[in-house]
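Open your viewer, set the cartoon to a plain colour and keep the selection box handy. We will go from stop to stop, and at each one you will hear what to select and what is there.

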Amino acid sequence: MSDQETYSAAAEVGAIRKRRTRWERIWMVLKKAPPTAWFGMIVVLCYFFVALFAPWLAPYGEADSSFAAYAPWGEGHFFGTDQIGRDILSRLIYGARNTMGIALVTVLLAFFIGGGLGLAAAINRSWLDQLLSRAVDVLMAIPPLIFALVLLSIFPPSVTSLIIIIAVLDSTRVFRLTRSVAVNVAVMDYVEAARLRGEGLGWVMRKEILPNIMPPLVAEFGLRFCFVFLTIAALSFLGVGIQPPTADWGSMVRDNASLIQFAAYDLKAGLTPLLPAAAIALLTVAVNFIVDWFLHHTSGLRDDH
């Protein structure tokens, strides 16, 4: 075996060991996670599993309205049907895909916009920082839900409009956090050394600043996902969010809200509008459990028993 082949083999073995060590470190961290964090991770994984495999898990189509309206629980429909004969269970399953998928895309876009502008403002402390900061202050002075309602009433109702409007409004919060944590890192010696070497703005942001501010950004990503998720559900409940026949948990609460008044006569029917509300609440609690544990872990605090 030549020296080059020996070097390549050694490098490959080293890379395998490094990957194995990384996964071992992750597993050691997860093993120390509290039960609440494990509960949150299991719930989130189950939700994403349902969202990914919704067409195979749902017993009927998302908009299949060929059944009797307000059919009781059982009799071929585990949770009954809604006011136009659509299977509640199927729409709950498809609602996980639609609501969570749109929320995830919206948060990613919000972090791309707000995070990128926040990093640029933190590095370039000149007119750009002042311009972006004042524009963000103006947007944050307006209640986001009211602003979203106004904008969605102006633009044609579509998933694209919903994603862009909420992402732009939510990017203001991401901008403020990213700028506040990046300002302290941007004045460090290693950042100044990189800039003196002639490294570009993009390289400095990706290689020097971003890796050192990831913990608060990751925690904020989880919180932003919850807020965006709840905002989409609220807008759909008000009729300006995800439009029918697309299944959405917020609109499902609105469509079946009238069944609550029949709870005294049929408890199962009265619980029907609470099913999508419970799905929203459970996911929100699960994500918050994960974020709380992650913040506690990355802060360096330890529990003394």
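Start by selecting Leu104, which counts as partly exposed at 28% relative accessibility. In this tour, buried means under 20% relative accessible area, exposed means over 50%, and partly exposed lies in between, with a 1.4 Å probe and protein chains only. You will find Leu104 in helix α4. Helices here are DSSP runs of H or I with at least four residues, strands are runs of E with at least two, and both are numbered from the N terminus. Now show what surrounds the side chain: apart from neighbours within four places in sequence, Leu104 is in contact with Phe48, Phe221 and Phe225. Contact means heavy atoms within 4.5 Å. If you add Ile163, the distance between its C-alpha atom and that of Leu104 is 9.7 Å, although the two positions lie 59 residues apart along the chain as a separation.

A word on what you are looking at: this is a predicted model, in which local features need pLDDT of at least 70 and side-chain atom pairs count only at pLDDT 80 or more, while totals for chains, interfaces and linings use all residues. Residues are numbered from 1 along each chain as its sequence is written, and side-chain values use heavy atoms, with hydrogens and water left out.

Stay on helix α4 (residues 88-123) and select Gly101, which is found there. Is Gly101 buried or partly exposed? At 30% relative accessibility, Gly101 counts as partly exposed. Add Ala51, 50 residues apart from Gly101 along the chain: their C-alpha atoms are separated by 7.9 Å.

Zoom out for a moment. The protein has 13 helices and zero strands. Of its 305 residues, buried ones make up 38%. Among contacts with a separation of 6 or more, 69% are between residues 24 or more positions apart.

**Two helices crossing**

Next, select residues 35-52 and 274-298, which are helices α2 and α13. Two packed helices are described by the angle between their axes and the distance between the axes. What is the angle between α2 and α13? The axes cross at roughly 130 degrees and come within 8 Å. That makes α2 oblique to α13. The axes are lines fitted to C-alpha atoms, for helices over the stretch in contact, and angles run from 0 to 180 degrees between N-to-C directions. Angles under 35 degrees count as roughly parallel, over 145 as roughly antiparallel, 65 to 115 as roughly perpendicular, and the rest as oblique.

Show side chains to see the contact: α2 contributes residues including Phe39, Met41, Val44 and Tyr47, and α13 contributes residues including Leu282, Phe289, Ile290 and Trp293. By class, the contact has 15 nonpolar, two polar and no charged residues. Ala, Val, Leu, Ile, Met, Phe, Trp, Tyr, Cys and Pro count as nonpolar, Asp, Glu, Lys and Arg as charged, and the others, Gly among them, as polar.

**Rings**

Keep Tyr47 selected and add Trp249. The structure holds 10 aromatic pairs, and these two form one that is edge-to-face, at 5.9 Å centre to centre with 90 degrees between the planes. Rings of Phe, Tyr and Trp (its six-membered ring) pair if their centres lie within 6.5 Å; planes under 30 degrees apart count as stacked, over 60 as edge-to-face and the rest as tilted. Tyr47 sits in helix α2 and Trp249 in helix α11 (residues 249-255), 202 residues apart. Both Tyr47 and Trp249 are buried. Add Phe225 and Phe229 to the selection, and you have a cluster of four residues linked by ring pairs with Tyr47 and Trp249.

**A buried loop residue**

Finally, select Ala247, in the loop between α10 (214-237) and α11. Ala247 is buried, with a relative accessible area of 0%. Which residues does Ala247 touch, not counting those up to four places away in sequence? They are Glu62, Arg91, Tyr94, Gly95 and Asn98. Of these, Glu62 is 185 residues apart from Ala247 along the chain, and their C-alpha atoms are separated by 6.6 Å.
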